[in-house]
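Visitor: I would like to take a close look at one single part of this protein, namely a charged contact between side chains, and to see how it fits with its surroundings. Could you guide me through it with care?

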Amino acid sequence: TVGKEQKTSLITAILDETLKVTDGSRVRIRLLDDIMINDALLTKGTYLYGNVSGFKAQRVHINISRSRSCRTNISSIMVDGRQMKVDLSVYDNDGQEGFFVPSSAFRDLSKDVGAQIGSQTIQMNSQSEGVEQFALGALQDAYRSTTQALSKNIKKNKAKLKYNTQVFLVNNKDKEQ
C-alpha cells in the first residue's frame, strides 16, 4: 500500500527541475509529505522519478516508476535497498490527471509548416547524363530525408514543465476502489 501516514490518499510533491519533455522523458519529483510504502517510510524531501506516459487533451501524463518496457502497469522503486511495488499517477492542482499544457498558436503553425515541408518535392531536370544526373539524384534524396526528419521532429509532442510546480501523487489502487 502506498499512501500518506494520515488518512488522505493525496500525496503532495513538487517537480524538482525545469525541463522540456517528450513521450518517455524522465521527471524528478520531490516529496513534500512523509509517505508509507508497505512498511517502509519515505520521508519528506525524497526524490521519486516518473516517466511521461503520453499527451492527451492538452495534458501531459506522468506515472511514477511505470516504464514502457514493463509488461504490467505496476513497477517498483527502491526503498532502503528493497524493491517496492508502486502504481502512482501525477495530478495537477486542478484535480485532473496530468499537467494542463495549453496548445499554442506557434505549435500549431509549426505542425502546419512541417506537414507542408514533408509533402513538397524538388524537381530538377537536367539534360546531361552521368555524374551530373547522379549528383542531382543524391541531392533530391538528401532533401527528402531531411524534410521528413524535420517534419517528424516538429510533429513530436513536447511540453515545458517548470521547477517547483506543486503536484499530487495518487495511488492508482485507491482510484479503483
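Visitor: With which residue does R30 form a salt bridge, and how far apart are the closest N and O atoms?

Guide: The partner of R30 is D16, and the closest N and O atoms of this salt bridge are 3.0 Å apart. The pair links distant parts of the chain, since R30 belongs to strand β4 (residues 26-31) while D16 sits in the loop between β2 (10-15) and β3 (19-21), 14 residues apart. A salt bridge here requires a side-chain nitrogen of Lys or Arg within 4 Å of a carboxyl oxygen of Asp or Glu, and strands (E, at least two residues), like helices (H or I, at least four), are DSSP runs numbered from the N terminus.

Before going further, please keep in mind that this is a predicted model, in which local features need pLDDT of at least 70 and side-chain atom pairs count only at pLDDT 80 or more, whereas totals for chains, interfaces and linings use all residues. Residues are numbered from 1 along each chain as its sequence is written, and side-chain values use heavy atoms, with hydrogens and water left out.

The two partners are covered to unlike degrees: D16 counts as buried at 8% relative accessibility, whereas R30 counts as partly exposed at 22%. Buried means under 20% relative accessible area, exposed over 50%, and partly exposed in between, with a 1.4 Å probe and protein chains only.

By the rule given above, the protein has five salt bridges. In another of them, the side chains of R59 and D94 meet at 3.0 Å, N to O. Because R59 lies in strand β8 (residues 59-64) and D94 in the loop between β11 (88-91) and β12 (99-100), this pair ties together parts that are 35 residues apart in sequence. Here R59 is buried, with a relative accessible area of 8%, and D94 is partly exposed, at 41%.

R144 and D141 also form a salt bridge, with their closest N and O atoms 3.0 Å apart. These two are separated by about one helical turn, because they are three residues apart in helix α2 (residues 131-155). R144 is partly exposed, with a relative accessible area of 41%, and D141 counts as partly exposed at 44%.

To return to your residue, salt bridges that share partners join R30, D16 and R28 into one network. R28 also lies over the face of Y47, at 5.1 Å from the ring centre; for such a placement, NZ of Lys or CZ of Arg must be within 6 Å of the ring centre and within 35 degrees of the ring normal.

The strand that holds R59 leads on to β11, for β8 and β11 pair in the antiparallel sense over two bridges, where pairing needs at least two DSSP bridges between the strands. I64 stands opposite L88 in β11. On its part, β11 pairs with strand β14 (residues 166-171), again in the antiparallel sense, over three bridges, and L88 stands opposite N171 in β14. Both faces of β11 are covered, since L88 and V90 on one side and S89 and Y91 on the other are all buried.

As a wider setting, the protein has three helices and 14 strands, and of its 177 residues 33% count as buried. Among contacts (heavy atoms within 4.5 Å) with a separation of 6 or more, 60% come from residues 24 or more positions apart.
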